[in-house]
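The exercises below invite a careful reading of one protein model. Each task is followed by a solution that proceeds step by step.

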Amino acid sequence: MYCRNCGAPMDNRAIVCVKCGVRAGDGVNFCPNCGSHTEPYAPMCLNCGIALNPEVFKSDKSKLVTLLLAIFLGSLGIHNFYLGYIKQGVIQLVLSCAFCWTFIVPTGMWVWALVQGIQAYEGKIPDAEGRTLAD
């Protein structure tokens, strides 16, 4: 293990770095796995590929809210607007409104939305910025 602040090697059981005094895990300049220099708040180490700050890249959108919107308002594409997929939301809204006089198309739209809601809840669909949805 390496110090995230100064890059010095650390014992895996260490609470603070003996070189710089920073608490283990704190800092943003070095990879804790290989000790190489990283850009501050980089998502992963370019040297070894380990994820550095997964919590920084969590979305402010919720999996549960996405699922509920898909279940109750999904045929209108509201869950896509919530996640930031405006174009896809508009397409669903227009198709749903244009074919509201038939039964087959709105049912198909609802099934499509339900599948998307379940996929989002399982973590397979990120928000429009590519961030993982929050639990």
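The exercises that follow concern a predicted model.

**Exercise 1. Fold and overall form**

Task: Determine how many helices and strands the protein has, in what order they run, and whether the chain is spread out or compact.

Solution.
Step 1. The protein contains 4 helices and 2 strands.
Step 2. Read from the N terminus, the order of these elements is β-α-α-α-α-β.
Step 3. For 135 residues the globule rule gives 14 Å, whereas the radius of gyration of the protein is 22 Å, well over that value. The protein is therefore more spread out than a compact globule.
Step 4. The C-alpha trace spans about 70 × 25 × 20 Å along the principal axes.

**Exercise 2. Surface, burial and charge**

Task: Describe the accessible surface of the protein, its share of buried residues, its long-range contacts and its charged side chains.

Solution.
Step 1. The accessible surface amounts to about 8300 Å², and carbon and sulfur atoms contribute 65% of it.
Step 2. Of the 135 residues, 30% are buried.
Step 3. Among contacts with a separation of 6 or more, 38% join residues 24 or more positions apart.
Step 4. There are 10 positive and 9 negative side chains, and 2 Å separates the centres of the two sets.

**Exercise 3. Cysteines without disulfides**

Task: Explain why C17 forms no bond with the cysteine whose sulfur is closest, then examine C20 in the light of its nearest cysteine sulfur.

Solution.
Step 1. A disulfide is a covalent bond that joins the sulfur atoms of two cysteines. To count as one here, the two sulfur atoms must lie within 2.5 Å.
Step 2. For C17, the closest cysteine sulfur is in C6, at 3.6 Å, and this is too far for a bond.
Step 3. C20 is likewise in no disulfide; its nearest cysteine sulfur belongs to C3 and is 3.6 Å away.
Step 4. The structure as a whole holds 0 disulfides.
Step 5. As for accessibility, C17 counts as buried because its relative value is 2%. C20, at 31%, counts as partly exposed.

**Exercise 4. The setting of D127**

Task: Locate D127, decide whether D127 is buried or exposed, and name its contacts beyond its sequence neighbours.

Solution.
Step 1. D127 lies in the loop between α4 (104–121) and β2 (132–134).
Step 2. The relative accessible area of D127 is 2%. Since buried means under 20%, D127 is buried.
Step 3. Once neighbours within four places in sequence are set aside, the contacts of D127 are S59, K61, L83, Y85 and L133.
Step 4. One of these contacts is K61. K61 is 66 residues from D127 in sequence, yet their C-alpha atoms are 7.3 Å apart.

**Exercise 5. Two residues before β1**

Task: Characterise I50 and P9 by their accessibility and contacts.

Solution.
Step 1. I50 belongs to the segment before β1 (58–62), and P9 is also placed in the segment before β1.
Step 2. I50 is partly exposed at 31% relative accessibility, while P9, at 64%, is exposed.
Step 3. Apart from neighbours within four places in sequence, I50 is in contact with C31, N33, P43, M44 and C45. With those neighbours likewise excluded, P9 is in contact with M1 and Y2.
Step 4. I50 and G27 are 23 residues apart along the chain, with 16 Å between their C-alpha atoms. P9 and P32 are also 23 residues apart in sequence, with a C-alpha separation of 8.8 Å.

**Exercise 6. A glycine between helices**

Task: State where G84 is found and how accessible G84 is.

Solution.
Step 1. G84 sits in the loop between α2 (78–83) and α3 (86–98).
Step 2. With a relative accessible area of 33%, G84 is partly exposed.
Step 3. F99 is 15 residues from G84 along the chain, and their C-alpha atoms are separated by 24 Å.

Notes. Residues are numbered from 1 along each chain as its sequence is written. This is a predicted model: local features need pLDDT of at least 70, side-chain atom pairs count only at pLDDT 80 or more; totals for chains, interfaces and linings use all residues. Side-chain values use heavy atoms; hydrogens and water are left out. Buried means under 20% relative accessible area, exposed over 50%, partly exposed in between (1.4 Å probe, protein chains only). The radius of gyration is taken over C-alpha atoms; the globule rule is 2.2 Å times the number of residues to the power 0.38. Contact means heavy atoms within 4.5 Å. Accessible areas come from the Shrake-Rupley method with a 1.4 Å probe; for residues, only the protein chains shown count as cover. Lys and Arg count as positive and Asp and Glu as negative; His and the chain ends are not counted. The place of a charge is taken as NZ of Lys, CZ of Arg, CG of Asp or CD of Glu.
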